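Visitor: Before we look at individual residues, could you take me through this structure by way of questions and answers?

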Amino acid sequence: MTILLAPMEGLLDCTLRDALTQVGGVQRCVSEFIRVTDQLLPLRSFTRVAPELLNGGFTPAGVPLRPQLLGSDPACLAENAARLAAISPHGVDLNFGCPAKTVNRHRGGAVLLDEPQLLHAITAAVRRAVPAHLPVSAKMRLGYMDDARAIECAQALAAGGAGEIVVHARTRAQGYRPPAHWERVADIRASVAVPVVANGDILTPEDAARCRAVTGCQALMIGRGMVANPGLALQIAGGGALPWAALPPLLRRFWRDVCQRVQPRHRAGRLKQWLHALQARYPQAAAAFGDLRRVSETAPITAYLEQL
């Protein structure tokens with residue numbers, strides 16, 4: 001059983017990846033997307049999104065990270081993948097799942113699922129551009145407006161050289177509305193010869209068991225479920241629930257990292273985002289969120305967290 005930690009733009013970035021992988025149970029992470037348009041990016045563009053690349057491609061807890069590229073130009077993506085490969089990532093991931101309107105409007109993410117031939121061309125170009133030992137994977141949704149071409153898209157990715165395909169079990173039109181259509185992931189899995197990873201609505205150990213039963217997948221990618229319950233991966237592996245006593249050290253670690261990386265005016269918001277997600281499971285997080293709701297200065301927040 002393999003658990004992959006999903007990226008969540010604006011929330012599950014390197015700071016939260018660090019905190020969550022400290023808990024254990026995650027075998028690999030994927031970065032937020034690095035936008036590739038029409039130029040070769042400097043190395044700092046990769047390391048800004050994925051600072052783990054400066055640590056051998058591992059989080060501080062030793063979990064490997066696979067950076068993710070997003071774009072629509074096969075040649076430019078290949079050129080940037082080759083540059084990325086030079087700084088020892090644990091593979092290159094391609095984003096064909098982002099549902100954001102701005103990204104889709106500029107021909108990135110899920111909108112490309114209407115063009116299976118382009119998916120193939122991008123994947124093949126990137127596969128040729130990076131060393132053979134370096135894995136190339138892709139993340140897709142079931143489609144853009146509908147799932148009629150889901151299997152065709154997955155087959156195009158596999159034929160292009162993707163060695164693993166993560167499938168978010170919704171179309172772009174469905175956004176994040178429940179339910180996730182796990183049965184369509186099973187259809188995709190049956191249509192390709194490469195490993196398929198299921199993603200979407202895995203919020204509890206019971207969800208994980210049902211998802212595996214429906215899809216037949218041996219690997220799951222989890223985002224929101226891990227943010228709300230940092231011990232979820234360990235529970236899926238058969239462990240017990242993570243007690244609240246384990247959370248304050250993680251919150252303090254996260255806050256220290258946020259203070260190093262984020263502008264002062266945005267720091268409090270990042271912490272409150274995570275507390276808001278945690279409060280569904282931990283009443284203590286709800287109390288902390290309430291206490292800090294109107295606090296935005298760094299010093300009083302630091303003092304508060306030290307007392308948790």
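Visitor: With which side chain does the side chain of N95 make a polar contact, and at what distance?
Guide: The model is a predicted one, and the separation quoted here is computed from its atoms. A pair of N or O atoms has to lie within 3.5 Å to count as a polar contact, and the side chain of N95 satisfies this with the side chain of Q68, at 2.8 Å.

Visitor: Which backbone atom does the side chain of N95 reach?
Guide: N95 is found in strand β4, which covers residues 92–96. Besides its polar contact with the side chain of Q68, the side chain of N95 reaches, at 2.9 Å, the backbone nitrogen of G97.

Visitor: Is N95 buried or exposed, and what is its relative accessible area?
Guide: Leaving aside neighbours within four places in sequence, N95 is in contact with F33, Q68, L69, L70, G109 and K139. Buried means under 20% relative accessible area, and N95 therefore counts as buried, with a value of 7%.

Visitor: Which residues does T59 touch, not counting those up to four places away in sequence?
Guide: T59 lies in the loop between α2 (43–49) and β3 (65–70), and at 1% relative accessibility it counts as buried. The C-alpha atoms of T59 and L12 are separated by 13 Å, with their positions 47 residues apart along the chain. Under the stated exclusion, the residues that T59 touches are T21, C29 and E52.

Visitor: Which peptide bond is cis, with omega near 5°?
Guide: Most peptide bonds are trans, and a cis bond is therefore worth locating when the backbone is inspected. The place of P179 is in the loop between β6 (164–168) and α7 (182–191), and the cis bond with omega near 5° is the one from P178 to P179.

Visitor: What is the phi of S88?
Guide: Most residues other than glycine have a negative phi. S88 is found in the loop between α3 (74–85) and β4, and it is partly exposed, with a relative accessible area of 48%. Its phi is positive although the residue is not glycine, with a value near 60°.

Visitor: Where is R107 found, and what is its phi?
Guide: R107 is found in the loop between α4 (101–105) and α5 (116–129), and at 36% relative accessibility it counts as partly exposed. R107 is a residue other than glycine with a positive phi, near 55°.

Visitor: How many helices and strands are there in the protein chain, and what is its radius of gyration?
Guide: The protein chain holds 14 helices and eight strands. For 308 residues the globule rule gives 19 Å, and the chain comes close to that, so it is as compact as a globular protein of that length, with a radius of gyration of 19 Å.

Visitor: What share of the contacts with a separation of 6 or more comes from residues 24 or more positions apart?
Guide: The C-alpha atoms of the protein chain fill a box of roughly 55 × 45 × 35 Å along the principal axes, and 56% of the 308 residues count as buried. Among contacts with a separation of 6 or more, the share from residues 24 or more positions apart is 69%.

Visitor: How far apart do the centres of the positive and negative side chains lie?
Guide: The protein chain exposes about 12800 Å², of which carbon and sulfur atoms supply 53%. It has 34 positive and 24 negative side chains, and the centres of these two sets are separated by 3 Å.

Terms used
Residues are numbered from 1 along each chain as its sequence is written. This is a predicted model: local features need pLDDT of at least 70, side-chain atom pairs count only at pLDDT 80 or more; totals for chains, interfaces and linings use all residues. Side-chain values use heavy atoms; hydrogens and water are left out. Helices (H or I, at least four residues) and strands (E, at least two) are DSSP runs, numbered from the N terminus. The radius of gyration is taken over C-alpha atoms; the globule rule is 2.2 Å times the number of residues to the power 0.38. Buried means under 20% relative accessible area, exposed over 50%, partly exposed in between (1.4 Å probe, protein chains only). Contact means heavy atoms within 4.5 Å. Accessible areas come from the Shrake-Rupley method with a 1.4 Å probe; for residues, only the protein chains shown count as cover. Lys and Arg count as positive and Asp and Glu as negative; His and the chain ends are not counted. The place of a charge is taken as NZ of Lys, CZ of Arg, CG of Asp or CD of Glu. A polar contact is a pair of N or O atoms within 3.5 Å; within protein, one must be able to donate a hydrogen and the other to accept it, and residues adjacent in sequence count only if both atoms are side-chain atoms.
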